[in-house]
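Subject: Structure handover

Hi there,

Here is the structure I promised to pass on to you. Have a look at it first, and then read on for what turned up in it.

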Amino acid sequence: MAPTPWTARLFDWVNRFGPPIALMAVVYALSAQPDLNSGLGTADLIGRKLVHMAEFGVLFLLWLRATRWRSPVLATVLALAWAAADEIHQTTVPGRHGAPLDVVIDMTGIAIAWVWWARRRSRRTGADDPSVV
């Protein structure tokens, strides 16, 4: 049985917007934890910062996919806004603190993901300038 138009639109919406919203929920849930320290010292700190970069790079790519690969600026704004909201949220959690430097780290992950996407796009389309959006 073929899906009706409204169910097809609903499926499309969930398929496009569900993954970035789900990742945002995971980030929020992890930020609500009072302490995520593993006790490994510097390795733990560096590892958590690398995970932050990766998760916000992935969030950028998921929002970019949700916009059908057409709006890297919107994907950046959404991911960066969530990074800032994440840090603000952490200020309300006992044992956690928000830090502007963490937003910069998240922004670095977004930038790396943008460059990766632009280079792949450039190779696929034959565009000369990978920064063209």
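A residue is called buried when its relative accessible area is under 20%, exposed when that area is over 50%, and partly exposed in between. Asp44, at 9% relative accessibility, is therefore buried. I will use these words in that sense throughout.

Before the details, please keep in mind that this is a predicted model. The mean pLDDT of the protein chain is 91, and 92% of its residues reach 70 or more. Where is confidence lowest and where is it highest among the elements? H2 has the lowest mean, at 94, while H3 has the highest, at 97.

**The overall picture**

The protein chain has 4 helices and 0 strands, so you will see the order α-α-α-α from the N terminus on. Its C-alpha atoms fill a box of roughly 50 × 45 × 20 Å along the principal axes. The chain has 133 residues, and 32% of them count as buried. If you look at contacts between residues at least 6 apart in sequence, 65% of them join residues at least 24 apart.

For a sense of distance within one part of the chain, try Gly47 and Arg65. They are 18 residues apart along the chain, and their C-alpha atoms are separated by 27 Å. Gly47 itself sits in helix H2 and is partly exposed, with a relative accessible area of 26%.

**Salt bridges**

How many salt bridges does the structure hold? There are 4, and three of the pairs are worth a look one by one.

Start with Arg68 and Asp12, whose side chains meet in a salt bridge at 2.8 Å, N to O. This pair links distant parts of the chain, since Arg68 is in the loop between H2 and H3 and Asp12 is in helix H1, 56 residues away. Both partners fall in the middle class of accessibility: Arg68 is partly exposed at 38%, and Asp12 is partly exposed at 25%.

The next pair stays inside one helix. Arg48 and Asp44 form a salt bridge at 2.9 Å, N to O. Both lie in helix H2, 4 residues apart, which is about one turn of the helix. Their accessibility classes are not alike, because Arg48 has a relative accessible area of 33% and is partly exposed, whereas Asp44, at 9%, is buried.

Then there is Lys49 with Asp102, a salt bridge at 2.7 Å, N to O. This one also links distant parts of the chain: Lys49 belongs to helix H2 and Asp102 to helix H4, 53 residues apart. Lys49 is partly exposed at 22% relative accessibility, while Asp102 is buried at 9%. Salt bridges that share partners also join Asp12, Arg16 and Arg68 into one network.

**A closer look at Asp102**

Asp102 is found in helix H4, which covers residues 100–125. Why does Asp102 count as buried? Its relative accessible area is 9%, and the cut-off for buried is under 20%. Which residues does Asp102 touch, leaving aside its neighbours within four places in sequence? They are Lys49 and Glu87. Lys49 is thus a contact of Asp102 as well as its salt-bridge partner.

**The largest pocket**

The last stop is the largest pocket, which holds about 440 Å³ of space. It is lined by 20 residues, and those closest to its centre are Leu36, Arg48, His52, Gln90 and Arg96. Three elements give two or more residues to the lining: helix H1 (5–31), helix H2 (42–66) and helix H3 (72–90). Which of these gives the largest share? H2 does, with 6 residues.

As for chemistry, the lining divides into 7 nonpolar, 6 polar and 7 charged residues. You have already met one of the residues closest to the pocket centre: Arg48 is the salt-bridge partner of Asp44.

If you open the model with one thing in mind, I would suggest helix H2 as the place to begin. Arg48 and Asp44 both lie there, Lys49 reaches from there to Asp102 in helix H4, and the largest share of the pocket lining comes from there too.

Happy browsing, and best wishes!

Definitions and conventions. Residues numbered from 1 in each chain as written. Predicted model: local features only at pLDDT ≥ 70, side-chain atom pairs only at ≥ 80, totals over all residues. Heavy atoms only, no water. Buried < 20%, exposed > 50% of the residue type's maximum accessible area, 1.4 Å probe, protein only. Contact = heavy atoms within 4.5 Å. 1 Å grid on protein atoms, 1.4 Å probe; cavity = no way out; pocket = protein on both sides within 12 Å on 5 of 7 lines; lining within 4 Å. Points joined across faces, edges and corners; volume = space filled by probe spheres on them. Nonpolar A, V, L, I, M, F, W, Y, C, P; charged D, E, K, R; others polar. pLDDT = per-residue confidence, 0-100.
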